[in-house]
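Dear colleague,

Please find below the structure that I am handing over to you. My findings follow it.

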Amino acid sequence: MNGMKIFVLTGAGVSAESGLGTFRDKDGVWTKYDLSEVATPEGFARNPALVRDFYNARRANLAGAAPNAAHVALARLEAGLAARGGELWLCTQNVDDLHEKAGSQRVIHMHGELAVTRCHHCQATRPDTQALTAEAVCAACGRDGGARPHVVWFGETPLFMDAIEDALADADLFVSIGTSGSVYPAAGFVSEARAMGIATCEINLEPSSNAYVFDEKVYGPASETVPAWVERVLDGL
Ligand code: OAD
C-alpha cells in the first residue's frame, strides 16, 4: 500500500539489548530505586542531590551505549515508508537517544530526553551530556541550583500530546514495541487506536499487560523481531 502511515510507540524493551536497563522487569530500575524519590517533582524538592546522582549515572550509562538492530530497523522503516509516499511517526517513551544514533530523522520523545538539562526555575532547556550539578548557573535566568534532567517525572504531563493524538488518529497501523503497557497515557494508545478502527500490533519479549487489546502479536527479543517485522512491512508495500 503506497502512502502507508505507521505510528510506532517504543519503550525500554527496544533499548534493553543495548545494555540500558528496563524499569519493571526482574532487575529493572524500579526494583532498585524508589521512583517516588528519584522520578517525581516532590522527590527532587526533598533531595535534589539524590535525583541528580541517579540521572548522572544514567547519563554515564547512555554515553557507552550503541543502538541495536531494532533501532536500525526502525530507521530503515522511516526511510522505506518515505520512499513509498508514506510516513513513520516514531514516538518513544525512552529518554535515550538510540533511535537518533541509529539514523531515525524524526523522534518524538514524549517522556523527554536524558541528554537535555532543564532549569527548574525558568524551564529553559539545553543539550547537555555532562553531570548535573547544584552549582551550574542557568544561562537563561542566571540562577543556580535548578539543573534537572529534561525528563517527564511521575505527576508531570508528557510532552507533545496534541501532536501525538493527531498522528495516532491519522495512522493506518499502530505498533507498540518493548513497552509494559502500564504507564499512561502511552498505555492507552492501543485502545484509542482500536476505537478509531486502526489496526494494532504488539512486538515484545512477552505479552504486555494489555496484550489482549492488540490484533497482531509478535514475541521475542526486539533485535530479532523488529528487523524481521520491518522487512515484512516493506516487502508488503
Ligand atoms: P518497562 O520496564 O516497564 O517495560 C519494558 C518492556 O520491555 C516489558 O514489557 C518487557 O517485556 C519488554 N522487553 C524487555 N526486554 C526486551 C527485549 N529484548 N525485546 C523486546 N521487549 C523487551 O518499560 P516501559 O514500559 O517502557 O517513565 O516504561 C514506561 C515508562 O515507565 C518509562 O518511560 C519510564 C518508566 O517509569 C518515566 O520515567 C517517566
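**Overall form**

With 237 residues, the protein would be expected to have a radius of gyration near 18 Å if it were a compact globule, and its value of 18 Å agrees with this. Please note that the model is predicted. Along the principal axes, the C-alpha atoms occupy a box of roughly 55 × 35 × 35 Å.

The chain forms 9 helices and 9 strands. Among contacts with a separation of 6 or more, 65% join residues that lie 24 or more positions apart. Of the 237 residues, 49% count as buried.

**Surface and charges**

The protein exposes about 10800 Å², and carbon and sulfur atoms supply 53% of that area. There are 19 positive and 30 negative charges, and the mean positions of these two sets are 3 Å apart.

**Histidine 111**

One residue deserves a separate paragraph. The UniProt annotation "active site", from an unreviewed entry, covers His111. This histidine is found in the loop between strand E3 (107-109) and strand E4 (112-119). Is His111 buried or exposed? Its relative accessibility is 14%, and buried means under 20%, so histidine 111 counts as buried.

Which residues are in contact with His111, leaving aside its neighbours within four places in sequence? They are Thr92, Gln93 and Val95, then His150, Val151 and Val152, and finally Pro158 and Val183. A second histidine, His150, is thus listed among the contacts of His111.

With kind regards

Terms used: Residues are numbered from 1 along each chain as its sequence is written. This is a predicted model: local features need pLDDT of at least 70, side-chain atom pairs count only at pLDDT 80 or more; totals for chains, interfaces and linings use all residues. Side-chain values use heavy atoms; hydrogens and water are left out. Helices (H or I, at least four residues) and strands (E, at least two) are DSSP runs, numbered from the N terminus. The radius of gyration is taken over C-alpha atoms; the globule rule is 2.2 Å times the number of residues to the power 0.38. Buried means under 20% relative accessible area, exposed over 50%, partly exposed in between (1.4 Å probe, protein chains only). Contact means heavy atoms within 4.5 Å. Accessible areas come from the Shrake-Rupley method with a 1.4 Å probe; for residues, only the protein chains shown count as cover. Lys and Arg count as positive and Asp and Glu as negative; His and the chain ends are not counted. The place of a charge is taken as NZ of Lys, CZ of Arg, CG of Asp or CD of Glu. UniProt positions are given in the numbering used here, feature names are shortened, and annotations may be inferred rather than shown by experiment.
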